[in-house]
Amino acid sequence: VGIFPYTEGYAHSLQFSRNGSLLVAGGGRAGKFGHAVVWDVKTGKRITEVGKEFDQVMAADISPDHKKVAIGSPSKRVKCYDTGTGEELFVISKHTEWILGTKFSPDGVLLATSDRNGNVMVWEADNGGEFYILGQHKGPCNDLAWRADSNVLASCSSDGTIITWEMNEG
């Protein structure tokens, strides 16, 4: 249907917004530069660009209300930005390896993250406060997905497993 130019490097992650109107790419050039870019799907216009990392962005997601973008990179930090101003809202420094997954829950209340050590963690999306440290896969945790009601999170790993986590008791 269209091409969204990304001349700054290579897109490492692609994610549509919950309503499908925006496309978020996390990427850059390994060891040189990283950020997340958001495009309007209908017009192809760039809506915002956030993050000025020293390495490529491995994962990026936009909140359901389109007000926040969360990125993860080899810096072992999750950073959340305001899409309107580009201002950094909060940083999560609890991971011990490269961040490979960032996903906002469909209701926008939680933010799930995963890393190369297999860790899966859940945070309050408004301020980055710890919600659950869920556990660890035996290999890198590559991606995350939420059930539509935001009550179950699935994580998948290079170890060949998929784990589902319920959010009532973790």
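Is Gly 86 buried, exposed or partly exposed? Keep that in mind while you get your bearings; we'll come back to this glycine later in the tour.

**Start with the whole chain**

What you have open is a predicted model. Show the chain as a cartoon and look for its elements: there are 15 strands and zero helices. The radius of gyration is 15 Å, close to the 15 Å that the globule rule gives for 170 residues, so the chain is as compact as a globular protein of that length. Turn it around a bit: along its principal axes, the C-alpha trace spans about 40 × 35 × 30 Å.

Now switch on the surface. The chain exposes about 8,300 Å², and carbon and sulfur atoms supply 51% of that. As for what's hidden, buried residues make up 48% of the 170 residues. Try colouring by charge, too: there are 17 positive and 21 negative charges, and their mean positions are 6 Å apart. One more overall number concerns contacts between residues at least 6 apart in sequence: 36% of them join residues at least 24 apart.

**Next, select the core**

Hide the surface and pick out Leu 110, Ala 112, Val 120, Val 122, Tyr 132, Leu 134, Cys 141, Leu 144, Trp 146, Leu 153, Trp 165 and Met 167. These 12 residues make up the largest nonpolar core. In soluble globular proteins, nonpolar side chains tend to be buried together.

Which elements give two or more residues to this core? Colour β10 (110-115), β11 (119-124), β12 (130-136) and β13 (141-146), and you have them. β13 gives the most, with three residues.

Zoom in on Trp 146, one of the core residues. Beyond its neighbours within four places in sequence, Trp 146 is in contact with a list of residues that includes the core members Leu 110, Ala 112, Val 122, Leu 153 and Met 167. Its other partners include Arg 18, Lys 103, Phe 104, Ser 105 and Pro 106.

**Stay on β13 for Asp 143**

Asp 143 lies in strand β13 as well. Asp 143 counts as partly exposed, at 35% relative accessibility. Leaving out neighbours within four places, Asp 143 is in contact with Lys 103, Ala 154, Ser 155 and Cys 156. Draw a distance from its C-alpha to that of Thr 102: the two are 41 residues apart along the chain, yet separated by 7.8 Å.

**Follow the chain to Ser 150**

Select Ser 150, in the loop between β13 and β14 (152-157). Is this serine buried or exposed? Ser 150 is buried, with a relative accessible area of 4%. Check the backbone as well: Ser 150 has a positive phi of about 65 degrees although it is not a glycine.

Then jump to His 66, in the loop between β5 (59-62) and β6 (68-72). His 66 is also not a glycine, and has a positive phi of about 65 degrees.

**Last stop: Gly 86**

Here's the residue from the opening. You'll find Gly 86 in the loop between β7 (78-82) and β8 (88-92). With a relative accessible area of 27%, Gly 86 is partly exposed; that value falls between the 20% and 50% cut-offs. Not counting residues up to four places away in sequence, Gly 86 touches Val 50 and Tyr 81. Finally, add Val 69 to your selection: Gly 86 and Val 69 are 17 residues apart in sequence and 9.2 Å apart in space, C-alpha to C-alpha.

How values were computed
Residues numbered from 1 in each chain as written. Predicted model: local features only at pLDDT ≥ 70, side-chain atom pairs only at ≥ 80, totals over all residues. Heavy atoms only, no water. Helix = DSSP H or I, 4+ residues; strand = E, 2+ residues; numbered from the N terminus. Rg over C-alpha atoms; globule rule 2.2 N^0.38 Å. Buried < 20%, exposed > 50% of the residue type's maximum accessible area, 1.4 Å probe, protein only. Contact = heavy atoms within 4.5 Å. Areas by Shrake-Rupley, 256 points an atom, 1.4 Å probe, with all protein chains shown as cover. Lys, Arg positive; Asp, Glu negative; His and termini not counted. Charge placed at Lys NZ, Arg CZ, Asp CG, Glu CD. Core = buried A, V, L, I, M, F, W, Y, C linked by side-chain atoms within 4.5 Å.
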